[in-house]
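Work through the following exercises with the sequence and the structure at hand. Each task is followed by a solution in steps.

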Amino acid sequence: MQINDEEVLHIAKLARLKLKDDELENYKKNLQEILDFADTINHVNTDNIGETIGINENYNVFRKDEIHQENNREELLKNAPSQDEGMFRIPKVIN
Amino acid sequence: MPREDYETVIGLEVHCELSTKTKIFCSCPTEFGGEPNTHCCPICMAMPGTLPVLNEKVVEYAVKAGLATNCKIAQNSKNDRKNYFYPDLPKAYQISQYDMPLCYEGKVEIDAENGEKKTIRITRIHIEEDAGKLNHDEYGRGSFVDLNRAGVPLIEVVSEPDLRSAEEAESYLRKLKAIFEYIQVSDCKMQEGSLRADVNVSVRKKGTTEFGTRTEMKNMNSFRSIVRAIKYEADRQIEEIENGNKITQETLRWDDISGKTFPMRDKEDAQDYRYFPDPDLVAIKLSDEYIENIKKELPELPEIKKARYIKDFELSEKAANFVTSSKYYSDIFDVATEKSNNPKAVSNWLMSDIARILNEKEEEADKIPFTGEDLGELVQLIDKGTISNSIGKKVLDELFENPKSPSKIIEEKGWVQISDEGAIKEVVLRIIENNPQSVADYKAGKDKAVGFLVGQAMKETKGKANPQMLNQMFIEELKK
């Protein structure tokens, strides 16, 4: 699979990245390498191998529905660049 | 081409918050409200290095919801990441389900406008996490993120585009709400956002089978807005088509105040969620036995309850339909009927006065502030003749404003019905003296005049006189 400029720009846009013109080529090359690497798996012979869900054979890892309330808001907000009244303060989001 | 030559096609994506005690992937409480960011932990705040673990009750509740809506249950299922940036979504992806939902191919029956039953197909039900809440202040200082709701479990119920009018959409949504209330997987409180819908609307010429281009309105959380928005949007689309324009597929925002829809997202910003399996979570595999056990535990569903009410209590189809339309109604009905042994009176109160008051307040049945016990007592007090029906209505108003036991209300307000013969006779004689014209009318053969006199007596006693006794005594006195 070959990646083109348009796709790189689309991915950059989704990731909220602004690419300079001279960066495009570099990203395209890097992404192509990743795709080529991942493509290896397409060449593995999977005859007689059943369908799997997920990355390992483990399943049904569940938790009981029991409350553990930590109540450490101060701690949780500690690294926020800006906060107010117990909330993260962010640039105004226009609806 | 006239309006009648078009039909509206509606599909709903209903989001329903599950009433588990804890969030879907961490042990924080799901309780509504609370000080901002106090129902949070490093997991639901998306701190680096944290890992989600699925709440077993979420799977159970979703399977319950699937079985109650006649879905097939997937034995193999998984969670996927839906990627998008928005400040209420701290991980920048929502854990949801993409190609292997827990439940699929279901259906519910609704009452269509022509009085017939109509089947609405359910495409799928999947589990996912809710986002947080953004608060804005008036001074433009920014937006404020509260993540108490982030990670609250949701089921999303996707219908096929089988709905053909705003009324059918409302009826379908009410049916889902009733079912989920009955099986107790959600409290379905629309005002608190625990039930909300994305509404897809398109129009097409009657007789055609191809779908028109649809628009979507997200996060609608009242029946009234949904009905208004569908009607407005269908009319708007028809007008566009009639004017020779094309409908653009887009997300719209419904504005309740102006009663119009507006484009919401930048059209260039086409959605591309890049779903992929969440590598932090493992597969969900459900055995036949697990599914069978949940099936066995399902409580009586609204349709079955309705049939039982008609059979056991001789309620009319209409009354039984109404009472079973919400678990909040039928719970009150059950308790009040048990207490008063008068199911018809109880259903009448629910259908007429209680529904009217809720309607005036623009509230749903979950907001009824008094108990079935209270309503049962009210019916009893009327049946025993302690209070009249019209005082009963005043007691009901009081129950809504300041709920306490009806016998206490009438005692405090001095509303006990006057059934003392001497006291009633006094009133009757006075009314007769003051209304010679009505007396003359009665004597001239106009029996209706008694009704007027009884009305006057009720007015004078502020509704407290026993109306049957009044009626009887007026006739006796007038015949003298």
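**Exercise 1. A sheet in chain B**

Determine how strand S5 (residues 80-83) of chain B is joined to S16(B), and place both strands in their sheet.

Solution. In this predicted model, two bridges join S5(B) to S16(B), and the two strands run antiparallel. One of the pairs to locate is that of Asp80(B), whose bridge partner in S16(B) is Pro277(B). Next, extend the view to the sheet: it is open and consists of three strands in the order S6-S5-S16 of chain B, with antiparallel pairing. Finally, consider the edges. Strand S6 (93-96) and strand S16 (276-277) of chain B each have a single partner strand, so one side of each is left without a neighbour in the sheet.

**Exercise 2. The contact between the chains**

Describe the side of chain A that touches chain B, and identify the strand pairing between S3(A) and chain B.

Solution. Begin with the extent of the contact: 33 residues of chain A are in contact with 38 residues of chain B. Then assign the chain A side to its elements. Strand S1 (62-63), helix H3 (73-77) and strand S3 (87-90) of chain A each supply at least two residues, and S3(A) gives the most, with four residues. By class, this side of chain A divides into 14 nonpolar, eight polar and 11 charged residues.

The last step concerns S3(A) itself. S3(A) pairs with strand S10 (residues 143-146) of chain B in the antiparallel sense, over three bridges. Within this pairing, Ile90(A) has Ser143(B) as its bridge partner.

**Exercise 3. Domains of chain B**

State the domain bounds of chain B and characterise the contact between domain 1 and domain 2 of chain B.

Solution. The domain assignment gives domain 1 (3-289), domain 2 (300-413) and domain 3 (421-479) of chain B. The C-alpha centres of domain 1 and domain 2 of chain B lie 32 Å apart. Across their contact, nine residues of domain 1 of chain B meet nine residues of domain 2 of chain B. On the domain 1 side, helix H2 (residues 166-182) of chain B gives the most, with five residues. That side has five nonpolar, no polar and four charged residues.

**Exercise 4. Nonpolar cores**

Which residues have the most contacts inside the largest nonpolar core, and which element provides its largest share?

Solution. The largest nonpolar core has 81 residues, and those with the most contacts inside it are Ala62(B) and Val199(B). H2(B) provides the largest share of this core, nine residues. To trace the surroundings of Ala62(B), set aside its neighbours within four places in sequence; Ala62(B) is then in contact with Leu102(B), Cys103(B), Ile125(B), Ile127(B) and Ile155(B). Apart from this core lies another, of 31 residues, among them Tyr309(B), Ile332(B), Phe370(B) and Leu396(B).

**Exercise 5. The faces of a helix**

Explain why the buried residues of helix H11 (residues 406-413) of chain B line one face of the helix.

Solution. First, list the buried residues of H11(B): Pro406(B), Ile409(B) and Ile410(B). Seen down the axis of H11(B), these fall within an arc of 90 degrees, so they line one face of the helix. On the other side of H11(B), Lys408(B), Glu411(B) and Glu412(B) are exposed. The buried residues of H11(B) pack against helix H9 (372-383) and helix H10 (389-401) of chain B. To complete the description, note that Gly414(B) follows H11(B) and has a positive phi, near 65 degrees.

Conventions
Residues are numbered from 1 along each chain as its sequence is written. Chains are lettered from A and ligands numbered from 1 in the order in which they are written. This is a predicted model: local features need pLDDT of at least 70, side-chain atom pairs count only at pLDDT 80 or more; totals for chains, interfaces and linings use all residues. Two residues are in contact if their C-beta atoms, placed from the backbone, lie within 7 Å. Ala, Val, Leu, Ile, Met, Phe, Trp, Tyr, Cys and Pro count as nonpolar, Asp, Glu, Lys and Arg as charged, and the others, Gly among them, as polar. Two strands pair if DSSP finds at least two bridges between them. Domain bounds come from an automatic or database domain assignment. A nonpolar core is a set of buried Ala, Val, Leu, Ile, Met, Phe, Trp, Tyr and Cys residues joined through C-beta atoms within 7 Å. A residue is buried if 20 or more other C-beta atoms lie within 10 Å of its own, exposed if 12 or fewer, and partly exposed in between; C-beta atoms are placed from the backbone. The arc is that of the directions from the helix axis to the C-beta atoms.
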